[in-house]
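Here's a quick tour of a protein model for you. Have a look at the sequence and the structure, then read on.

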Amino acid sequence: MLLQEATPEVYSGFMNLARLIRKGPLDGKVQELIKIRASQLNGCAYCVDIHIRDARAKGDTEERMHHTTIWRNSYLYSEAERAALAYTEAVTRREPVSDELWEELCKHYPDPRERGDLVALVSLINALNLFGVPLRLEPTPR
């Protein structure tokens with residue numbers, strides 16, 4: 001079952017939110033890193049596949065995408081990307097966001113709209129993963 005077929009109005013609401021974030025100030029590559037990492041942690045193969053393709057389309061490298069699982073030990077990410085990935089992991093794992101982590105996020109994303117979009121995106125991709133996993137969505141064979 002696809003969400004867009006079962007409940008098109010609800011699906012449309014999620015996609016409208018995604019469009020608002022995509023059009024905002026948060027860097028597109030950072031957006032895809034967030035979506036890939038949360039989807040990996042949640043085990044949503046469908047979303048991992050889609051967001052890796054989207055990251056490629058935005059010019060990100062294969063090596064960076066392969067390193068998302070080991071980002072803490074990789075030299076390929078900026079400090080801002082590391083802050084975004086650390087926040088993504090904490091929220092996705094339902095761990096408390098420490099003051100130190102929040103301060104690091106604020107340091108690299110001082111614009112309230114950009115930071116707000118980042119926070120919203122982490123919540124949104126986790127919500128979408130919570131549809132994709134139980135509905136057993138699978139990547140489209142190519």
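**Helix α3 and its surroundings**

The 15 residues of α3 should span 21 Å at 1.5 Å a residue, and its end C-alpha atoms are indeed 21 Å apart, so the two agree. (The expected span is 1.5 Å times one less than the number of residues; helices are DSSP runs of H or I with at least four residues, numbered from the N terminus.) Keep in mind that this is a predicted model, where local features need pLDDT of at least 70 and side-chain atom pairs count only at pLDDT 80 or more, while totals for chains, interfaces and linings use all residues. Residues are numbered from 1 along each chain as its sequence is written, and side-chain values use heavy atoms, leaving out hydrogens and water.

**Burial**
- Among the buried residues of α3 (under 20% relative accessible area, with exposed being over 50% and partly exposed in between, for a 1.4 Å probe and protein chains only) are V30, L33, I34 and R37.
- The cover over the buried residues of α3 includes α2, α4, α5, α6 and α8, where contact means heavy atoms within 4.5 Å.

**Aromatic pairs**
- You'll find 2 aromatic pairs in the structure (ring centres of Phe, Tyr or Trp, the latter by its six-membered ring, within 6.5 Å; planes under 30 degrees apart are stacked, over 60 edge-to-face, the rest tilted).
- F14 and F131 make an edge-to-face pair, 5.3 Å centre to centre with 80° between the planes.
- This pair ties together distant parts of the chain, as F14 sits in helix α2 and F131 in helix α8, 117 residues apart.
- F131 is partly exposed, because its relative accessible area is 27%.

Definitions and conventions. Helices (H or I, at least four residues) and strands (E, at least two) are DSSP runs, numbered from the N terminus.
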